[in-house]
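Reader: Please take me closely through one helix of this model and the turns at its two ends. Set the scene first, then go into the detail.

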Amino acid sequence: MTDTVPVPEPHGSESTRRENAEKGFVAPESLTKNLQNVLVDFIALSLVAKQAHWNIVGTNFRDLHLNLDEVTSVARSGSDALAERMRALHGSPDGRPAVIAAQTDLATFPAGEITTHDAIDHVVRAIETTVGSMRRCHDEVDSADPTTADMFHEYIAQLEQQAWFISAETRTPN
């Protein structure tokens, strides 16, 4: 396997022509760009969670196995909601595999079997990176479109809850 992935042209989000029936808000380029960046990390998070789900071994396997399905569900729901929001605002989401591989901020997840404790560390970092993507662009998104920022709030809360659930497995009391 190669360390680089070619990204097809064109890559990233583009604006679409407005259709006659649509007279609503059109996202500024900065909003579309921010949504694309977050979308990429949501898609990558769903892949990381499934990779961990399939390959974990060790203590508390079943609990983590089931919890990783919850993370996958939140990530898939978030990616769909954000991509559809982009379309509603006349943006064009780009979820092609090469684009995700090239643009995500998430660290590469190890191949093969992984202990539950190591998987917890990787998955929590992936969740925190995805939340960080939303938090970094939140103010700019909120300024352009408070409705989209409200969507961010919903998914930040859900993902931070999942990070807490998963990380509690290996934490010790203060």
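Author: The chain holds 5 helices and 4 strands. This is a predicted model. From the N terminus on, the elements run β-α-β-α-β-α-β-α-α. The chain has 174 residues, and 43% of them count as buried. Its accessible surface comes to about 9,700 Å². Carbon and sulfur atoms own 50% of that surface. Contacts reach far along the sequence. Take those between residues at least 6 apart: 81% of them join residues at least 24 apart.

Now the helix itself. Helix α2 covers residues 61–88, which is 28 residues. From its first C-alpha to its last, α2 reaches 40 Å. That is close to the 40 Å expected at 1.5 Å a residue.

Next, the turn ahead of the helix. N60 sits in the loop between β2 (56–57) and α2. Its phi is positive, near 60°, and N60 is not a glycine. Is N60 buried or exposed? Neither label fits: the relative accessible area of N60 is 35%, so the residue counts as partly exposed. Buried would need a value under 20%, and exposed one over 50%.

Then the turn behind the helix. H90 comes just after α2. The loop that holds H90 lies between α2 and β3 (91–92). H90 also has a positive phi, about 70°, although it is not a glycine. What is the relative accessible area of H90? The value is 5%, so H90 is buried.

Now the packing. The largest nonpolar core has 45 residues. Inside this core, I127, F152 and I166 have the most contacts. Four elements give two or more residues to the core: α1 (29–55), α2, α4 (116–144) and α5 (146–167). The largest share, 12 residues, comes from α1. Helix α2 is thus one of the contributors.

I166 gives a closer view of that packing. Which residues does I166 contact, leaving aside its neighbours within four places in sequence? The list includes L64, N67, L68 and V71. Those residue numbers fall within 61–88, the range of α2. I166 is also in contact with I120, V123, V124 and I127. These numbers fall within 116–144, the range of α4. I166 itself falls within 146–167, the range of α5. Among these contacts, I127 is another of the residues with the most contacts inside the core.

To recap the two ends: N60 is partly exposed, whereas H90 is buried. Phi is positive in N60, and in H90 as well.

Methods: Residues are numbered from 1 along each chain as its sequence is written. This is a predicted model: local features need pLDDT of at least 70, side-chain atom pairs count only at pLDDT 80 or more; totals for chains, interfaces and linings use all residues. Side-chain values use heavy atoms; hydrogens and water are left out. The expected span of a helix is 1.5 Å times one less than its number of residues. Buried means under 20% relative accessible area, exposed over 50%, partly exposed in between (1.4 Å probe, protein chains only). Contact means heavy atoms within 4.5 Å. Accessible areas come from the Shrake-Rupley method with a 1.4 Å probe; for residues, only the protein chains shown count as cover. A nonpolar core is a set of buried Ala, Val, Leu, Ile, Met, Phe, Trp, Tyr and Cys residues joined through side-chain atoms within 4.5 Å.
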